[in-house]
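Walk me through this protein chain, from the overall fold down to single rings and bonds. Where should the eye go, and what is worth checking there?

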Amino acid sequence: MSVSDGARAASPGLSAGAPAARRVHSAPGSPSAVRSLLDVSQWTGYAWGAIAATAAFVAMTCWWLSQDHSIPIYDAGDHLETVLQFHSMIAAGSLLGPFNHVSVYPPLGLLVGAVGVFIGGVGVSAPIIAENLVFVSLLALGCYRTGRLLFGSAAGMLAVIFVLGSPLLIEQLHVYMLDAPMTALVAVTIWLLLASEDFGRTDIAAFAGLAAGAGMLIKVQFALYVAGLVLVMLLRGGWRNRRGLGAFLLPAIVIAVPWYIDHISEIGVMLEVASPNGGGPGVVTPVPGNVPPTLSIRNFLWYFWSVLNSQLLALLFALAVGGALWMIVAFVRGRETSRGRLELLLGCFLTWLIITLTPHHDVRYGMPLLAYVAVIATGWIVCLPRTPRLAAIVLLALGVGANTLGITFGVGREATVALAGRLPATQQLPDRVIFYATKGFLTAGPMRDGDVPDLLKALHREGIRTLVVSLEQGALPDFSFEGILPLAQIAGLTPAITNRPEFSLSPKVATLVHEPVTRGARPTCTRVSDGTGVWVVRYDPAARKLALYCPYRSPKFYDAGRIS
């Protein structure tokens with residue numbers, strides 16, 4: 001079946017009429033549809049295309065991990081450390097350890113990484129690959145089935161390709177973060193909610209509740225991203241289907257509420273994550289510019305710029321705008337009768353409004369919008385005449401290809417059009433249009449970055465057992481102490497955190513020193529990508545003094561006695 005055939009078969013109210021709409025809308029909940037998910041012989045070419053795109057994405061992540069030797073930054077390092085802790089708890093027989101772990105983050109997303117460690121071994125790659133295999137697959141499933149439900153199988157495949165071309169999503173899945181897993185559960189929940197036909201199909205509504213409950217165990221903000229869609233469904237008659245609504249709410253409550261009750265003492269800190277004040281244990285003070293005045297133009301444009309310049313870039317953003325306008329015009333002119341399409345569009349708008357009205361913004365907090373935008377940006381393509389349809393598909397291919405080349409492989413240079421003489425340096429990157437980027441929010445192309453992971457492994461081979469890292473010198477992105485801690489554990493070292501650099505007279509203890517390289521500075525052991533140096537201080541038994549030490553040098557001890 002060609003793309004145009006898919007458009008005709010999946011365009012209720014435009015070309016195929018109401019019967020086609022009912023067929024598409026009811027298929028996902030029918031027994032035959034459930035069997036088709038498991039029966040490979042019934043999968044269409046578009047389904048296989050979506051699977052191929054998903055497999056290619058995971059394969060590129062595996063390649064990236066094999067090439068990258070950088071230090072995980074901030075939350076990425078903190079989550080990786082928690083994954084290793086969960087692995088150790090379970091290995092020691094403490095099965096409830098992850099559930100009882102004191103944190104503002106629920107355990108489910110981190111448990112996937114811990115299981116990955118059991119399979120692939122203690123390291124950086126195993127948990128991230130496990131996260132990709134589980135959550136990229138769920139994200140693709142949710143986007144494909146939503147696109148197929150509302151526009152047909154061809155649109156489902158295009159939605160998967162679109163969402164996997166998001167530069168923010170790409171780089172988030174190269175490290176261990178929880179926003180992409182939450183986005184995946186949002187996508188699955190959206191599909192099942194729409195398939196429940198305003199909670200009229202009790203069994204499908206129950207599955208939507210299962211997905212929502214799982215999402216609530218990824219991040220506490222999950223409910224914000226499905227609340228708008230649920231509200232639209234209720235207003236459009238879902239409130240009458242009390243049995244289906246109960247079937248949705250009950251499993252979500254049963255799955256999620258026990259963890260929240262057990263961690264009720266941390267509720268205040270959880271709420272503080274989205275507060276304008278920040279602070280508190282486990283809560284990072286908001287970045288300047290991320291807490292704009294609520295009733296300001298800057299606030300209402302915050303996620304506009306974020307979606308444009310972080311989540312999509314110009315080419316994919318153009319498709320999203322085109323899809324939204326196409327759907328709005330179709331509804332206004334009365335040519336669109338699909339309830340699901342209207343609910344998706346309104347749900348996306350309300351989700352944007354909800355996160356816009358929350359005080360604390362972050363580019364990551366807008367990522368779950370991708371679950372809506374991917375379908376809005378691609379569904380209309382299959383309904384276009386042949387020439388503009390082909391042009392839109394080419395634009396999609398160029399956008400996804402460019403974002404993948406820039407963020408995964410680090411090819412080329414950034415291409416930006418400035419819309420103001422002086423561009424603000426705030427996180428959402430306003431007043432510009434970025435067409436091509438080679439730098440992501442946390443990562444970009446793979447970097448050797450001084451190969452600190454290999455340095456730590458070399459120190460372990462040379463008899464070091466404790467690694468001292470100071471908070472004072474581990475606050476920069478290229479030398480984040482949150483990332484050094486799990487790398488030390490992976491290398492077999494016991495990390496020790498101090499406020500300032502401290503040194504030991506034990507030959508089994510080493511201290512990392514991270515400072516700018518000044519003129520006349522002592523030779524570094526390695527340098528990180530920002531040009532700063534990394535030195536190792538260790539007690540020299542032969543000289544009976546503290547000295548600089550590097551396992552790669554000959555002699556390994558040097559400048560003995562120059563450490564105060």
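Helices, at least four residues long, and strands, at least two, are DSSP runs numbered from the N terminus. With that numbering, P555 falls in the loop between β8 (545–549) and β9 (557–558). The peptide bond leading into P555 from S554 is cis. Its omega is near 5°. Most peptide bonds are trans. The model is a predicted one.

Now step back to the whole chain. It holds 23 helices and nine strands. It has 564 residues, and 55% of them are buried. Among contacts with a separation of 6 or more, 74% join residues 24 or more positions apart. The accessible surface comes to about 23,300 Å². Carbon and sulfur atoms account for 64% of that surface.

Next, the interior. The largest nonpolar core has 119 residues. Which of them touch the most other members? They are F162, L164, V186, L312 and L319. Helix α11 (residues 179–195) supplies the largest share of this core, with 13 residues. Another core lies apart from it and counts 31 residues. I71, I464, L548 and C550 are among the members of that second core.

L312 deserves a closer look. Set aside its neighbours within four places in sequence. L312 is then in contact with F162, P167, V307, F317, A320, L370, V373 and N403. One of these partners, F162, is also among the residues that touch the most other members of the largest core.

Turn to the aromatic rings. A pair is described by the distance of the ring centres and the angle of the planes. How many aromatic pairs are there? The count is eleven. F199 and F248 form one that is tilted, with 5.7 Å from centre to centre and 45° between the planes. This pair links distant parts of the chain, 49 residues apart. F199 sits in the loop between α11 and α12 (202–216), while F248 belongs to helix α14 (residues 242–262). Are these two rings' residues buried or exposed? F199 is buried, at a relative accessible area of 1%. F248 also counts as buried, at 6% relative accessibility. Elsewhere, ring pairs join F300, F349 and W352 into a cluster.

Rings also take part in contacts with charge. The charged end of R538 sits over the ring of Y549, at 4.8 Å from the ring centre. R553 lies over the face of Y558, and here the distance to the ring centre is 3.9 Å.

Finally, the backbone. Most residues other than glycine have a negative phi. Which way does phi point in Y74, positive or negative? Y74 has a positive phi of about 45°, although it is not a glycine. Y74 is placed in the loop between α4 (45–67) and α5 (75–91). With a relative accessible area of 32%, Y74 is partly exposed.

L429 is another case. Its phi is positive too, near 55°, and L429 is a residue other than glycine. The loop between β1 (415–418) and β2 (432–436) holds L429. L429 is partly exposed, with a relative accessible area of 25%.

How values were computed:
Residues numbered from 1 in each chain as written. Predicted model: local features only at pLDDT ≥ 70, side-chain atom pairs only at ≥ 80, totals over all residues. Heavy atoms only, no water. Core = buried A, V, L, I, M, F, W, Y, C linked by side-chain atoms within 4.5 Å. Buried < 20%, exposed > 50% of the residue type's maximum accessible area, 1.4 Å probe, protein only. Contact = heavy atoms within 4.5 Å. Phe/Tyr/Trp six-rings, centres within 6.5 Å; stacked < 30°, edge-to-face > 60°. Lys NZ or Arg CZ within 6 Å of the ring centre and 35° of its normal. Areas by Shrake-Rupley, 256 points an atom, 1.4 Å probe, with all protein chains shown as cover.
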